Protein chains: 2
Amino acid sequence: MKKDSSSSPMVTVHEVARVAGVSAATVSRFLNGTAKVSEEKRQAIESVIEKLNYKPNVLAQNLKTGSSRTIGVLTQSLVSGYFADAMAGIDEALQGTGYAPLIVSGHWHADEEAERIELLIARRVDGLVILSGKLKDAQILKLSQRVPIVAFGRDLSAPRAYGFCLDNYWGACEAVGYLIDQGHRNIAFITGPSDHQDALARLAGYRDTLAKHGIKEQQQLIVGGDFQESSGLLAVERLLESGQRFSAIFCANDLTAYGARLALYRRGIRVPEDISVIGFDDLHSSMYTTPPLTTVRQPLFDVGKCLGRAIVKMIGHETLDIEVPQLNLVVRESVKRVD
Amino acid sequence: MKKDSSSSPMVTVHEVARVAGVSAATVSRFLNGTAKVSEEKRQAIESVIEKLNYKPNVLAQNLKTGSSRTIGVLTQSLVSGYFADAMAGIDEALQGTGYAPLIVSGHWHADEEAERIELLIARRVDGLVILSGKLKDAQILKLSQRVPIVAFGRDLSAPRAYGFCLDNYWGACEAVGYLIDQGHRNIAFITGPSDHQDALARLAGYRDTLAKHGIKEQQQLIVGGDFQESSGLLAVERLLESGQRFSAIFCANDLTAYGARLALYRRGIRVPEDISVIGFDDLHSSMYTTPPLTTVRQPLFDVGKCLGRAIVKMIGHETLDIEVPQLNLVVRESVKRVD
DNA sequence: TTGAAAGCGATACCAT
DNA sequence: ATGGTATCGCTTTCAA
């Protein structure tokens, strides 16, 4: 093995032990508080550690303990504000626990996710946090035999696999309910990907809320999107071309709303004077769109904190006392009351 | 030591060797291609590995080789679209190299940065990528004695520390030059933090370009900001209250431009009909603001790829053939020609 | 080409 | 309370 190429000559427990006149075991015990060490030796060890500037070799600890003190985090995108919030939450939860996050992205592709997870497991992560994705629950359950898992965007409750969702259905009901409260009757909906659980829940919320208020659903007012801005833009163009009347658009997420808003702008249609727009997610930037976007807030940072804390507890065999964060409607300026 | 708690009984090189009827050394050699292995044994080993589903223990490899095959990445924010792009680039560059990124955030705070870096070094990262931040070049140079470093946002060129900047001065000149081309003479500037290198360069570019075109700089048209949306909003309000005339605003970054745009919107001032706005960065969302933002693009993803490739080469003692990505003006719809 | 054996640096068991 | 020693799983001399 190559010696450390840096300047300091790599001091080990044995070296510390030798200089302090004790055994390596004692040094280790002192370091980990595994057993009592006499005051006398404690001081000796402490001062030698100080003098030699000793730092335990994490790699050796890892091998010996069989743990890397690392949490694998599987996200779906490194550049999405949505996931970024959750990762920040995880990061915060992990601070001071001795665990560091190892982040990989699956890009919404089951095969890639599986591959990245194998990589994470090969690196001996002590736990796994999975943010959404396309893996089957069954796969995750299976994976959880090899490593404890906490997931977001799926309901799981096995010994070593726990997962929760936010109530997207409820959120969509709130959004549409609010629109109806404001006097809207002809409400368009731009959907998310049809294979996306949350997108489906939002669609269902839209439909049910309409029905609940005795408003007949109009097939032409529901147009397909994919959670990206471009699809919102396209959708509005189609909506406009269809000649259907509508006074409000519920967008399956904020990104879609941005695109929709731009399409409206291009046609000289004012928001909210002519048409109201409501989104879902509450990305940071939604506070600064023109007009600021009324939307359903997903507390992703809190979700991340929850997940981070949960995986640490699961690893420590503590009981998970999860309090699932709640969605809530944030009213800004993109919806106008009509009569 | 606890044995692996999962189902599979943890197969080692020795196990493979025993079953294949060879020595552990040979198995290792085969795995790493360190030396020639006879065809016969190669096959035997291969099939045993397959049958036993053997996976090398990375932790043991790490200890033995003294390397964690990990790259530490110090960012300043986990939720910034700006840094996220760079991290995605790094991630892409690292794919297939066997290195995984360990990401930490310094939150623009020198002490925190230093602390996080110590953490990274304690975890025996093989290299470090530093994204901006407030550390002194001297500190980085010193750190580079312990671990090779590649940095963005500073000019460095030591054996084990390389860093580059994008030409923010040039970018600002482009932006202001464009505004002047479009007939603007009274151009306001909302600055970035005064202790931020890039912000200063952009200010200098603004000033020099004005001067170059014989336009007298008006002190009241330069107002302080901090790269956040809220500061753009505030700045515009101050600008408006000052009673100064101006037909365009150059914002030190896109976030600031978002805030500025909202302030204008609130006052019923149209963009670009009444006032033109230009930003800096070209965040993803700038394509979908209303109107889409004209701005100076920072190719952060490419920067990230550059950095990722560079650190890998530096670790492998290869020569770094960096081609620093270029800024460029992207013209959209937030600037109008005036006469 | 191949094998035996010596570590890498820390931890933990077993004595004392 | 403390020390000796085996061990974690792999890589890599050194000999053959």
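## Contacts with DNA strand C

Let's start at the DNA: a backbone N or O atom of V13(A) sits 2.4 Å from a phosphate oxygen of DNA strand C. Keep in mind as you look around that this is a predicted model. Chain B reaches the backbone of this strand too, with a backbone N or O atom of S23(B) 3.0 Å from a phosphate oxygen of DNA strand C. A base is also contacted, since an N or O atom in the side chain of K64(A) lies 3.2 Å from a base oxygen of DNA strand C.

Stepping back, 29 residues surround DNA strand C, and the closest are V13(A), Y54(A), T26(B), R29(B) and S38(B). Sugar or phosphate provides 65% of the strand C atoms within 4 Å of the protein, and bases provide the rest. On the protein side, α1 (13-20), α2 and α4 of chain A, along with α2 and α4 of chain B, each give at least two residues to this surface. Sorted by class, the surface near DNA strand C has twelve nonpolar, nine polar and eight charged residues.

## Contacts with DNA strand D

Now for the other strand. DNA strand D is surrounded by 28 residues, with T26(A), R29(A), S38(A), V13(B) and Y54(B) the closest. Of the strand D atoms that come within 4 Å of the protein, 61% are in sugar and phosphate. The side chain of T26(A) has an N or O atom 2.5 Å from a phosphate oxygen of DNA strand D, while N57(B) places a backbone N or O atom 3.0 Å from a phosphate oxygen of that strand. For a base contact, look at K64(B), where a polar side-chain atom lies 3.1 Å from a base oxygen of DNA strand D.

Which element gives the largest share of the surface near DNA strand D? That is α2(B), with four residues. Elements supplying at least two residues each are α2 (24-32) and α4 of chain A, and α1 (13-20), α2 (24-32) and α4 of chain B. The class split here is eleven nonpolar, ten polar and seven charged residues.

## The annotated domain

An unreviewed UniProt entry places the feature "domain: HTH lacI-type" at residues 11-65 of chain A. In the model, that span is 71% helix and 0% strand, and its end C-alpha atoms are 20 Å apart.

## A mixed sheet in chain A

Further along chain A, six strands make an open sheet with mixed pairing, in the order β8-β7-β9-β10-β11-β12. β8 (222-223) and β12 (328-330) of chain A are at the edges with a single partner strand each, so one side of each has no neighbour in the sheet. Strand β7 (residues 187-190) of chain A pairs with β8(A) in the parallel sense over two bridges. Within this pair, F189(A) has I222(A) as its bridge partner in β8(A).

## Enclosed space

The model holds seven cavities of 30 Å³ or more. The largest encloses about 270 Å³, and T289(A), T290(A), Y288(B), T289(B) and T290(B) are the closest to its centre among the 24 lining residues. Helix α11 (254-266) of chain A and α11 (254-266) of chain B each provide at least two lining residues. The lining of this largest cavity comprises 14 nonpolar, eight polar and two charged residues.

The second largest cavity has a volume of about 190 Å³. Its lining has 14 residues, of which S68(A), T70(A), R123(A), T70(B) and R123(B) are the closest to its centre. Two or more of the lining residues come from each of α4 (58-65) of chain A and α4 (58-65) of chain B. By class, the lining of the second largest cavity has six nonpolar, six polar and two charged residues.

How values were computed
Residues are numbered from 1 along each chain as its sequence is written. Chains are lettered from A and ligands numbered from 1 in the order in which they are written. This is a predicted model: local features need pLDDT of at least 70, side-chain atom pairs count only at pLDDT 80 or more; totals for chains, interfaces and linings use all residues. Side-chain values use heavy atoms; hydrogens and water are left out. UniProt positions are given in the numbering used here, feature names are shortened, and annotations may be inferred rather than shown by experiment. On a 1 Å grid over the protein atoms alone, a cavity is a set of points where a 1.4 Å probe fits but cannot get out, and a pocket is an open set with protein on both sides within 12 Å along at least five of seven lines; lining residues have an atom within 4 Å of a point. Grid points are joined across faces, edges and corners, and a volume is the space filled by probe spheres set on the points. Ala, Val, Leu, Ile, Met, Phe, Trp, Tyr, Cys and Pro count as nonpolar, Asp, Glu, Lys and Arg as charged, and the others, Gly among them, as polar. A residue is near a molecule or strand if one of its heavy atoms lies within 4 Å of it. A polar contact is a pair of N or O atoms within 3.5 Å; within protein, one must be able to donate a hydrogen and the other to accept it, and residues adjacent in sequence count only if both atoms are side-chain atoms. Two strands pair if DSSP finds at least two bridges between them.
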